[in-house]
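Reader: I should like to go through this structure with you, beginning with how the strands are paired. Could you take me through it step by step?

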Amino acid sequence: MLFVHSTVPALRAVAVCAALTLIGVAAHAEVTVKEAWVRATVPSQKATGAFMQLTSTEPVRLIEVQSSVAKIVEVHEMRMEGDRMMMQAVPGIDLVPGQVLELKPGGYHVMLIDVVKPVGVGDKVPLTLVLEGKDKKRIQVQVSAEVRALNGKPSAQQHQH
Ligand SMILES: [Cu+2]
């Protein structure tokens, strides 16, 4: 009798684990990041932008970005309001499966505010993207963004002039 009582809960625990694993796989989104770059700063400049192209296999929402190079990191949108260019923080950006979400100058971008030291051309800036699925599960994507000059051209091309 003792043997039976101790075995049944153990089996139940295994069954629960297997079910959780299956849910995890079904909700797994693969997020791809391409062309990640950060605009170089000049010594007196305290804020800059990070840009990239994002795609996902599942509907997910970019809700947060973290980086060790800035004290505050926000997701911003830029848009025309009348004849003025306005920039403001947004709570998140939705990724539609199969569509490229482009963060670019003049559009959505990651704002790095209060940079701890100037970021120079050729440096690598670590970014952690936090994305949330429809099931509220969060995934993190680590990105190494190349620092480029103000015009956004890759540094290799800069050297050709
Ligand atoms: Cu901004």
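Author: Strand 1 and strand 2 pair in the antiparallel sense, over six bridges. Helices (H or I, at least four residues) and strands (E, at least two) are DSSP runs numbered from the N terminus, and two strands pair if DSSP finds at least two bridges between them. This is a predicted model, in which local features need pLDDT of at least 70 and side-chain atom pairs count only at pLDDT 80 or more, while totals for chains, interfaces and linings use all residues. Residues are numbered from 1 along each chain as its sequence is written.

Reader: Which residue in strand 2 is the bridge partner of Val33?

Author: The bridge partner of Val33 is Leu54.

Reader: How many bridges join strand 2 to strand 8, and which residues stand opposite each other?

Author: Strand 2 and strand 8 are antiparallel and joined by four bridges. Ala47 stands opposite Ile113, and Thr48 stands opposite Leu112. Strand 2 is also joined to strand 7 (residues 101-103), running antiparallel to it, by three bridges. There, Gln53 stands opposite Glu102.

Reader: And strand 4, how many bridges join it to strand 8?

Author: Six bridges join these two strands, which run antiparallel. In strand 8, Met111 is the bridge partner of Glu74, and Val110 is that of Val75. Strand 4 is likewise joined to strand 5 (residues 84-89) by six bridges, again antiparallel, with Arg79 partnered by Met86.

Reader: What lies between strand 4 and strand 5?

Author: Two residues lie between them in a hairpin, and Gly82 in the turn has a positive phi of about 65°.

Reader: Let us step back. How many helices and strands does the protein chain have?

Author: The protein chain has two helices and ten strands. The order from the N terminus is α-β-β-β-β-β-β-β-β-β-β-α. Of the contacts with a separation of 6 or more, 70% are between residues 24 or more positions apart; two residues are in contact if their C-beta atoms, placed from the backbone, lie within 7 Å.

Reader: Turning to the interior, which residues of the largest nonpolar core touch the most other members?

Author: They are Val38, Ala50, Met52, Val110, Val125, Leu127 and Ala145, out of 26 residues in that core. Strands 1, 2, 3, 4, 8, 9 and 10 each give two or more residues to the core. A nonpolar core is a set of buried Ala, Val, Leu, Ile, Met, Phe, Trp, Tyr and Cys residues joined through C-beta atoms within 7 Å. A residue is buried if 20 or more other C-beta atoms lie within 10 Å of its own, exposed if 12 or fewer, and partly exposed in between, with C-beta atoms placed from the backbone. Buried residues make up 20% of the 161 residues in the protein chain.

Reader: What is Ala145 in contact with?

Author: Leaving aside neighbours within four places in sequence, the contacts of Ala145 include Val38, Ala50, Met52, Val125 and Leu127.

Reader: Where is the pLDDT below 50?

Author: Residues 1-26 have a pLDDT below 50, and this stretch has zero contacts beyond near neighbours in sequence in the model. The pLDDT, the predictor's confidence in each residue from 0 to 100, also stays under 50 over residues 156-161. Where pLDDT is low, the predicted coordinates should not be read in detail. The protein chain averages a pLDDT of 83, and 76% of the residues score at least 70.
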